[in-house]
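Q: Please look closely at one helix of this protein and at what lies just beyond its end. I should also like to learn how its side chains relate to other parts of the chain.

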Amino acid sequence: MCDEGGRIEMSFWKKNGKVESLLYSADRAKILSMVREMGSMASDAFSKAVRSLEERNDELADSVITADDEIDDLEAAIDQECLSSIAMRQPVREDLRFVFAVLKIITDLERIGDQGVNIAKKAKVLNRYPLLKPLVDIPKMKIIAAEMVSDSLKSFEENDPVLAEKICLRDDELDILYENIFDELLDIIGNKPEGDQATAQCAAGLLWIARHLARIGDHATNVAERVYFMVKGERLKPLLEEKRKVLSEKKEAERKN
């Protein structure tokens, strides 16, 4: 039988445990809000960077480069918030998965911001020359990449592994567009007049921008994979590889028929 002291201790433990849970819930909400803000800033960075090329706007490109420090500062603040949350609370396994997922996700978001800066720097160089060709596939890549980043953060907030899986499959769309741009620019370089260095430089710049956008898709995929693991405790990549294999075999069978 429990004595009076034991009952008091158990009552305190239950009450304190409830308070601890409520406090950690508040921590979680604050961290989610900060991650959402960082994701929005990172997405805004590369979207503006591409727009600076479309509009031939160096000031817009400069604003992206300058704002990168704000993304870095927010990453450090989220990192500190996560570590403080672990130190001050007694998080259970689910909470630890959340915190460790956040620490990895903000690394991808910071790198997305860096890709935005890279695009902005390339845009400033390209803005000195006439466009080699109308921008068609690069704006498409920007839209897909922005949707992937937004959806990856949505899957994180809503603990949605199904959405996370769909995001990873969308990465193939970016890869196809990148390959189209690569082939087109290679053809332009191959047909340029001898000694035309400007054409080669511009083609290389556009190709790098397409590559940066493809990398942004890779980072969004990383976020989605981390969400899937956080929710399911399983790696998503092997499942996707199996699905892609089945889809490829199906297409091959249809082609033969």
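A: In this predicted model, the residue that follows helix α4 is N159, and its phi is positive, near 50°. The helix itself covers residues 137–158. Its length can be checked by simple reasoning: at 1.5 Å a residue, the 22 residues of α4 should span 32 Å, and the C-alpha atoms at its ends are 31 Å apart, which agrees.

Helix α4 also takes part in an aromatic contact. The structure holds one aromatic pair. Its members are F98 and F156, whose ring centres are 5.6 Å apart and whose planes meet at 5°; since planes under 30 degrees apart count as stacked, the pair is stacked. F156 belongs to α4, whereas F98 lies in helix α3 (residues 93–126), so the pair ties together parts that are 58 residues apart in sequence. Both F98 and F156 are buried.

Rings elsewhere in the model have charged partners. R97 lies over the face of F229, at 5.8 Å from the ring centre. Similarly, the ring of Y178 has the charged end of R211 over it, 5.9 Å from the centre of that ring.

A further residue to examine is H219, which is found in helix α6 (residues 197–232). H219 has a relative accessible area of 3%; because buried means under 20%, H219 is buried. Apart from its neighbours within four places in sequence, H219 is in contact with D108, R111, I112 and Q115.

Notes: Residues numbered from 1 in each chain as written. Predicted model: local features only at pLDDT ≥ 70, side-chain atom pairs only at ≥ 80, totals over all residues. Heavy atoms only, no water. Helix = DSSP H or I, 4+ residues; strand = E, 2+ residues; numbered from the N terminus. Expected span 1.5 Å × (residues − 1). Buried < 20%, exposed > 50% of the residue type's maximum accessible area, 1.4 Å probe, protein only. Contact = heavy atoms within 4.5 Å. Phe/Tyr/Trp six-rings, centres within 6.5 Å; stacked < 30°, edge-to-face > 60°. Lys NZ or Arg CZ within 6 Å of the ring centre and 35° of its normal.
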